[in-house]
Amino acid sequence: MTETGETGETGGTTGESRVNDEVWVVGATGRVGRGVTARLAARGLTVVPVGRSRERMAAAGTAAGLPRGAKVVVADSAERIADEIVQGRPRVVVNTMGAFAATAPVIARACMPGGHYVDQANDVVAVDRLLALHDEAVAAGSTLVTGAGFGVLATEAVVAKLCEGRPVPHRVRVDAVGSVAVEAGVLGAALAASIVDALTAGGRRYENGRLVSSRLGADRRRLAFPDGESATSAGVASGELLAAHAVSGAPFVTAASALVPTGAPIRALLPLLGRLLSVPALRRLAVARLGRAPVKAAPRPREHSWGHAVVEWADGTRRAGWLRAGDGMDFTADVTATVTELLVRGLGRPGAWTPAAALGADLATTAGGTFVLD
Ligand SMILES: NC(=O)c1ccc[n+]([C@@H]2O[C@H](COP(=O)([O-])OP(=O)(O)OC[C@H]3O[C@@H](n4cnc5c(N)ncnc54)[C@H](OP(=O)(O)O)[C@@H]3O)[C@@H](O)[C@H]2O)c1
């Protein structure tokens, strides 16, 4: 159900000639969606909020600085949003609605041919499914970018920097330590689904070039940040793992996150919890309950969010580096807005990519991060 505003058909290539100048933000009332909508509106782009309620989309648009009465699109599922995209032909669709393993392929396919797609997925299944659309995207002249947030980019960009101009390394480890201020309210279904999916996926790592199962919470490590603070991270199956493997080509890769509980009792329970939550009815219940869980406002626990990578070569050479960012949510909105603007300007290569693979490692600094390299 679209409320029509003014659109102009533009573009150069065959695919692009079928799209207009609009950027649609799916989930514009959400935390990432609000940040992205405001940043894109401030950059003068034609932003269209997309979501379940006309009133809330209009209010989100106005709060983000869009003109009163600006176009909104009302749709309440990935499939209905896809139908609207096929009709409306926006140049870029930003998907912040979450549950990316299910929603990303549906929405990304609707953008083709010629339209581009961006999301913030960071789980193995969702990132893998989106990257599987590579050949379709190349044929369609569309650029699809997944993991456009603190996770994946904060670690992928460091690996890319450390590997620049060097032979393929033997081993890579990445660690993501986001620092995020909590907003008062409820946790939200999108974040709840991400947490439950991480628990059910268990752990993964690359061994001899093969993606294999490992224990969620394995490879625990204490990290000392360049600013003197510290945190503990542990292994998780993440989009960061896939990106670190793809960007380095290393046969042995592990990825860890400070979000994984590292206390001994809870770590021991994680496999059982994961198996329970794999039962569809229990998963739905857990996502619904967790999504409604009240959360209190809290400042971010550390000044910086950190992406970390250690790269080792067969000859014993070892390099380590960091990406320093501020609040992880703000950085995520900055990354998505930066990727989106570059895609609007036609700077993405056709295909399905993680962010640094699509647009280069310096995307992380354009989005406000700082490299601290050996
Ligand atoms: N990669 C990273 O570093 C990173 C960082 C932050 C977040 N994320 C991920 O990004 C996603 C969004 O996070 P968030 O904190 O912004 O979530 P959120 O605040 O819950 O926002 C989700 C948005 O999607 C909308 N939505 C949900 N289901 C919908 C449906 N069926 N139809 C239409 N709209 C729907 C919601 O609309 P309503 O208002 O109608 O509910 C809301 O606007 C999550 O998956 C999160 O895990 C990734």
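## A ligand between two domains, and some residues around the fold

Glutamate 229 is partly exposed, because its relative accessible area of 30% falls in the range from 20% to 50% that lies between buried and exposed. In this predicted model, glutamate 229 sits in the loop that links strand E11 (221-224) to strand E12 (230-235). The chain brings glutamate 229 to a C-alpha distance of 9.2 Å from glutamate 303, although the two are 74 residues apart in sequence.

Two other loop residues can be read alongside glutamate 229. Aspartate 219, placed in the loop between E10 and E11, has a phi near 55°, which is a positive value in a residue other than glycine, and with a relative accessible area of 30% aspartate 219 counts as partly exposed. Asparagine 208, in the loop between strand E9 (203-207) and strand E10 (210-214), likewise has a positive phi, near 50°, and is not a glycine. The relative accessibility of asparagine 208 is 61%, and because exposed means over 50%, this residue counts as exposed.

From these loops the account turns to the ligand. Domain 1 (16-149 + 330-363) and domain 2 (150-327) both contribute residues to the shell around the ligand, and therefore the ligand lies between them. The shell holds 23 residues, of which Thr29, Val32, Arg56, Gly151 and Ser194 come nearest to the ligand. Sorted by class, the shell is made up of eleven polar, eight nonpolar and four charged residues.

Which backbone and side-chain atoms lie at short polar distances from the ligand? On the backbone side, a polar atom of arginine 31 is 2.9 Å from an oxygen atom of the ligand, and a polar backbone atom of glutamine 120 is 2.8 Å from a nitrogen atom of the ligand. From a side chain, a polar atom of serine 194 lies 2.7 Å from a ligand oxygen. Taken on its own, the ligand has 930 Å² of accessible area, and the protein covers 83% of that area. The elements that supply two or more residues to the shell are helix H1 (31-42), helix H7 (150-163), helix H8 (189-201) and helix H12 (328-344). Of the contributing elements, H8 gives the most, with three residues.

A further point of backbone geometry is found in the loop between helix H4 (100-111) and strand E5 (116-119), where proline 113 is placed. The peptide bond that joins methionine 112 to proline 113 is cis, with omega at about 0°. Proline 113 also serves as a reference point for threonine 46, since the C-alpha atoms of these two residues, 67 residues apart along the chain, are separated by 20 Å. Threonine 46 belongs to strand E2 (residues 46-51), and with a relative accessible area of 39% threonine 46 is partly exposed.

Are the cysteines 111 and 163 buried or exposed? Cysteine 111 has a relative accessible area of 1% and is therefore buried, and cysteine 163 also counts as buried, because its relative accessibility of 10% is under the 20% limit. As for disulfides, which would require a pair of cysteine sulfur atoms within 2.5 Å, the count in this model comes to zero.

Notes
Residues are numbered from 1 along each chain as its sequence is written. This is a predicted model: local features need pLDDT of at least 70, side-chain atom pairs count only at pLDDT 80 or more; totals for chains, interfaces and linings use all residues. Side-chain values use heavy atoms; hydrogens and water are left out. A residue is near a molecule or strand if one of its heavy atoms lies within 4 Å of it. A polar contact is a pair of N or O atoms within 3.5 Å; within protein, one must be able to donate a hydrogen and the other to accept it, and residues adjacent in sequence count only if both atoms are side-chain atoms. Accessible areas come from the Shrake-Rupley method with a 1.4 Å probe; for residues, only the protein chains shown count as cover. Helices (H or I, at least four residues) and strands (E, at least two) are DSSP runs, numbered from the N terminus. Ala, Val, Leu, Ile, Met, Phe, Trp, Tyr, Cys and Pro count as nonpolar, Asp, Glu, Lys and Arg as charged, and the others, Gly among them, as polar. Domain bounds come from an automatic or database domain assignment. Buried means under 20% relative accessible area, exposed over 50%, partly exposed in between (1.4 Å probe, protein chains only).
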